[in-house]
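Let's take a walk through this protein together, starting from its interior and working outwards. Have the sequence and the 3D view open side by side as you read.

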Amino acid sequence: EVGPRDGLQNEPNPIPTEDKLAFIVGLARAGLREIEAASFVSPKWVPQLADSADLWPRLPKGPLYSALVPNRRGLETALSLGVKRIALFTGATDGFVKRNINMTVEESFSLFRDLAAEFRAAQPDGWIRGYLSVVFECPYDGAVSPARAADLAQKLLDLGCDEVSLGDTIGMGGPGEVRALIEAIEVHAAKERVA
């Protein structure tokens with residue numbers, strides 16, 4: 001469940017830390033076992049998640065928690081809090097990645113390769129999810145080929161991700177597109193590690 005991070009980051013009004021904590025407690029009580037609870041990102045860019053470092057130590061026992069780590073400073077914060085599961089975020093097109101994390105796809109892979117290595121050195125038993133957005137179509141660069149999405153998924157696995165989550169970010173994937181992507185993954189990526 002990524003609601004506490006992805007769902008709340010775009011809310012227009014500030015949400016008190018206590019309300020976020022109550023939301024996460026409710027998700028845990030509902031039986032969710034994996035919850036992405038935070039993002040260690042600049043409050044300038046994502047003000048709704050400015051309290052992630054305060055929230056993290058208060059999370060209830062039980063679920064496996066992860067946090068999005070967009071850069072080296074975010075990783076340092078995560079490691080200082082003992083975070084054992086992180087997520088890295090990129091996309092299948094330069095247009096999308098430029099607008100979201102201000103770099104190209106290749107630049108994001110270069111950064112994430114370093115972050116994954118640093119995380120593994122500090123948390124040998126840690127776990128990394130790689131997000132790959134706009135796997136079918138990008139609002140800036142258009143259609144994405146199944147082979148490209150599958151190849152980038154494998155590159156995320158190669159740089160150290162335990163799992164890659166493919167995102168139909170703008171809702172353009174119909175049954176035919178999904179089938180083509182699955183077929184490409186069977187050729188290009190370790191499909192048992194792709195969500």
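Which residues touch the most other members of the largest nonpolar core? They are Trp56 and Leu166, in a core of 59 residues. A nonpolar core here is a set of buried Ala, Val, Leu, Ile, Met, Phe, Trp, Tyr and Cys residues joined through side-chain atoms within 4.5 Å. Helix H6 (residues 105–122) supplies the largest share of this core, seven residues. Helices (H or I, at least four residues) and strands (E, at least two) are DSSP runs, numbered from the N terminus. In soluble globular proteins, nonpolar side chains tend to be buried together.

Before going further, a word on what you are looking at. This is a predicted model, in which local features need pLDDT of at least 70 and side-chain atom pairs count only at pLDDT 80 or more, while totals for chains, interfaces and linings use all residues. Residues are numbered from 1 along each chain as its sequence is written, and side-chain values use heavy atoms, with hydrogens and water left out.

Now zoom out to the whole protein. Its secondary structure comes to eight helices and seven strands. The C-alpha atoms fill a box of roughly 45 × 35 × 35 Å, taken along the principal axes. The radius of gyration is 17 Å, which agrees with the value near 16 Å for a compact globule of 195 residues; it is taken over C-alpha atoms, and the globule rule is 2.2 Å times the number of residues to the power 0.38. Of the 195 residues, 46% count as buried, where buried means under 20% relative accessible area, exposed over 50% and partly exposed in between (1.4 Å probe, protein chains only). Among contacts (heavy atoms within 4.5 Å) between residues at least 6 apart in sequence, 72% join residues at least 24 apart.

Let's return to Trp56. Leaving aside neighbours within four places in sequence, Trp56 is in contact with Ala37, Ala38, Phe40, Tyr65, Ser66, Ala67, Leu81 and Val83. Trp56 also helps to line the second largest pocket, together with residues including Pro57, Leu64, Tyr65, Val83 and Arg85. That pocket holds about 230 Å³ of space, and its lining divides into eight nonpolar, one polar and three charged residues. For these classes, Ala, Val, Leu, Ile, Met, Phe, Trp, Tyr, Cys and Pro count as nonpolar, Asp, Glu, Lys and Arg as charged, and the others, Gly among them, as polar.

Leu64, another of the lining residues, sits in strand S2 (residues 64–68). Leu64 counts as partly exposed because its relative accessibility is 43%. Beyond four places in sequence, Leu64 is in contact with Arg33, Glu34, Ile35 and Arg85. Glu34 and Ile35 are also among the residues touched by Glu1, not counting residues up to four places away in sequence. Glu1 lies in the segment before H1, and the C-alpha atoms of Glu1 and Tyr65, 64 residues apart along the chain, are separated by 9.6 Å.

What is the volume of the largest pocket? It is about 830 Å³. Pockets are found on a 1 Å grid over the protein atoms alone: a pocket is an open set of points where a 1.4 Å probe fits, with protein on both sides within 12 Å along at least five of seven lines, and lining residues have an atom within 4 Å of a point. Grid points are joined across faces, edges and corners, and a volume is the space filled by probe spheres set on the points. The lining has 28 residues, of which Gln9, Leu68, Phe89, Asn100 and Ile101 lie nearest the centre. H5 gives the most, with five residues, and by class the lining has 13 nonpolar, eleven polar and four charged residues.

Just past H5, look at Asn102, in the loop between H5 and H6. Its phi is near 60°, a positive value in a residue other than glycine. Val134, in the loop between S4 and strand S5 (137–138), has a positive phi of about 45° although it is not a glycine. Are these two residues buried or exposed? Asn102 counts as exposed because its relative accessibility is 63%, whereas Val134 counts as buried, at 1%.

Finally, find Lys20 in helix H2 (residues 17–29). This lysine counts as buried because its relative accessibility is 3%. Leaving aside neighbours within four places in sequence, Lys20 is in contact with Leu8, Ile15, Gln48, Leu49, Asp51 and Leu55.
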